[in-house]
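Student: Please pick one part of this model and walk me slowly through it and its surroundings. I would like a connected account rather than a list.

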Amino acid sequence: MDKHELSERDICTKFITPAIQAAGWQQAQFREEVSLTDGRVMVRGKLAARVRNPEAKGGPKRADYVLYARPNVPLAVVEAKQARFPVGHGMQQALAYAEMLAVIEKLEEAINFDDFTVRANLGDVYEQLLNDLRGAGNAGEFYTPRAITHLMADRLNPSLARRETVMDPACGTGGFLTAAIDHFRHQLTAKSSAADKAAIETLIRGIEKKQLPHLLCTTNMLLHEIDVPSQIERKNTLGVGWNEWRAQDKVDCIITNPPFGGYEDDGVGSDYPADLRTRETADMFMALIVKKLLKENGRAAVVLPDGFLFGDGIKGTLKRMLLRDCHLHTVVRLPKGVFAPYTTIKTNLLFFTKGAQAEDGTERFHTDTIWFYEHPYPPGYKSYSKTKPIRIEEFKPLQDWWGSEANGFADREENEHAWKVDFKTKREQAEAAAQPHWTRAEQLNNEASAVEGQMRALRDSIKGVTDPQQRKAVEEQIETLRPQAEGLRLQARDAQAAGDRIYWPIYNLDLKNPNAPEEESHDPDVLLEKYKTLLGQIQETENRLKTELADALAHHFNAETEAGEPQA
């Protein structure tokens, strides 16, 4: 049946109303028309709405159906007509929502949602269900172990008293946001006001690109007493134009596990600054967090793979930006298996604070010292798994060691798991060693520009000249200068590269723990690498012995020759 042959009212009467009534609902319980404003279906506060341009011809449009979970709490909009779908789509949509409403009604009969303890327990059950979904297809890609979310929220320490806003720009099912909510609630006391309790809902912000995790996140918020989770937006954070982010979008705290290993579609991020332009999702999120989302003196905790620590190119540029604009004070290195079965890639927790910009606009690095903490497996563990996940209790030594950023982490001490890197000294030494090469590159480029200027002047001098002999003489001069300019440019590139080879390795943050006891590894890759190293050392020793033996023999032969020569 062609939907264009039916009016919207006909579609509602023939298809949608019967479908909802078949689920046991009376028309008065589910039908409501709502005045709308602009182009798509969304939820604002407790209102579900299809919105259109109010100035369009014919005035504001109205939704076909708004379905209610209970009085005055709209759940969703059912469209009678959508250009991309057949008539039956509206009926299927209505049935799905009606069945959902029936489930909600049964739950409300069985569960007292107004009881905080019941809701808290239900929230725990829901998060455990999300945990169990990790190995069940696409749903699993959005779950971060609870031990990680709670550790990061605890160390980030957003303050309810200071009304610090918390954002997860890739919030998935909301694990980090629920950890932040719990952290806020633990700050409530018997003396806390109603305003303190109500403020928690306004301090949480999340953005999720995909429909399923957004729905799961919204449900998660409801079960954690965020009654109107309108601050959980469904959109592509990376799809927002670079210059569309406003000052009021910035937050005090960011806590996130951005998707890594994926790539955005062509065109997404095309307006990022040229030196930060990339399609790799985790890299794009890092650029946004530092440049657009975090306030000055704001704090962030971000999960990133090892590839970000050792990567060069755009990753090197991003790390330079991070260490320059922020104080990267702590890198927690996690072992393999923390995110199994989703990935076995080793991951890291980066904790940093956005520095204030210098009043005169000069460039200043805010990172002088970086602390690393290598989290060990518990005794008896060789890896984590779904049945043996990482536990929050394992982080007690890390929490005891942590110290306070207020005194520059002065109480921290190195141990078998923790060590610090004097990044300021490394950077200054690298800059001093690289600068002569960069200066030489600049001089050579200036010389090349001067030669190219002569070539342009010569070309300009024969514009309009028709005498073949005169043109030939000038063109020969130009051809004589061309290899000189090209040679200077090549030398400049070599000099620049020589300086870069000295400077950019300081941004490799994939550093081995110098305090860890040497352990015998049975990993074939590690053993093969050791074998290759040993062969290289043997070959080097053989070559040195050959050289020394040849020198000794040559000296002996020369001595005998001199001894056998007749006296003059």
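Tutor: Let me set the scene with the whole chain: 41% of its 568 residues are buried. Please keep in mind that this is a predicted model. The chain has 15 helices and 13 strands. Among contacts with a separation of 6 or more, 74% join residues that are 24 or more positions apart. The protein chain exposes about 31400 Å², with carbon and sulfur atoms supplying 52% of that area.

The part I would like to look at closely is helix α5, which spans residues 146-156. To place this helix, we need the sheet first. Nine strands form an open sheet with mixed pairing, in the order β7-β6-β5-β8-β9-β11-β10-β12-β13. At its edges stand β7 (232-234) and β13 (418-422); each has a single partner strand, so one side of each lacks a neighbour in the sheet. Averaged over the sheet, neighbouring strands are turned by 15 degrees against each other, direction ignored.

Back to α5. Which of its residues are buried? They are Ala147, Ile148, Thr149, Leu151, Met152, Ala153 and Leu156. These buried residues pack against three strands of the sheet, β8, β9 and β11, and also against helices α6 (175-185) and α12. So much for the buried residues; Asp154 and Arg155 tell another story. Asp154 is partly exposed at 24% relative accessible area, and Arg155 is likewise partly exposed, at 22%. The two form a salt bridge, with 2.5 Å between the closest N and O atoms. In general, side chains of opposite charge can pair when their charged atoms come close. Just after the helix comes Asn157, with a positive phi near 55 degrees.

The partner α6 gives us a second view of this end of α5. His183 sits in helix α6 and is buried, with a relative accessible area of 13%. Setting aside neighbours within four places in sequence, His183 is in contact with Ala153, Asp154, Asn157 and Pro158. Ala153 in this list is one of the buried residues of α5, Asp154 is the salt-bridge partner of Arg155, and Asn157 is the residue with positive phi that follows the helix.

The other helical partner, α12 (396-401), can be approached through the loop that links it to β12, where Lys388 lies. Lys388 is partly exposed, with a relative accessible area of 43%. Its C-alpha atom is 9.7 Å from that of Val338, although 50 residues separate the two along the chain. Within α12, Lys396 and Asp400 form a salt bridge whose closest N and O atoms are 2.9 Å apart. The two residues are four positions apart in the helix, which means that about one helical turn separates them. Lys396 is partly exposed at 46%, whereas Asp400, at 53%, is exposed. Elsewhere, salt bridges with shared partners join Arg162, Glu164 and Arg299 into one network.

The strands that α5 packs against have another helical neighbour. Helix α9 (281-293) lies across β5 (166-168), β8 (251-256), β9 (294-305), β10 (326-333) and β11 (347-354). This helix runs at about 170 degrees to β9. The set includes β8, β9 and β11, the strands that the buried residues of α5 pack against.

Two more details round off the surroundings. Ahead of β8, the side chains of Asp249 and Arg246 meet in a salt bridge, 3.2 Å from N to O. Its two partners differ in cover: Asp249 has 15% relative accessibility and therefore counts as buried, the limit being under 20%, while Arg246 is partly exposed at 47%. At the β13 edge, β12 (369-374) and β13 pair in the antiparallel sense over five bridges, and Tyr373 stands opposite Ala418 there.

To put the picture of α5 together: its buried residues pack against β8, β9, β11, α6 and α12, Asp154 and Arg155 form a salt bridge with each other, and His183 of α6 touches residues including Ala153 and Asp154.

Notes
Residues numbered from 1 in each chain as written. Predicted model: local features only at pLDDT ≥ 70, side-chain atom pairs only at ≥ 80, totals over all residues. Heavy atoms only, no water. Pairing = 2+ DSSP bridges. Axes fitted to C-alpha atoms, helices over the stretch in contact; angles between N-to-C directions. Contact = heavy atoms within 4.5 Å. Buried < 20%, exposed > 50% of the residue type's maximum accessible area, 1.4 Å probe, protein only. Areas by Shrake-Rupley, 256 points an atom, 1.4 Å probe, with all protein chains shown as cover. Salt bridge = Lys/Arg side-chain N within 4 Å of Asp/Glu carboxyl O.
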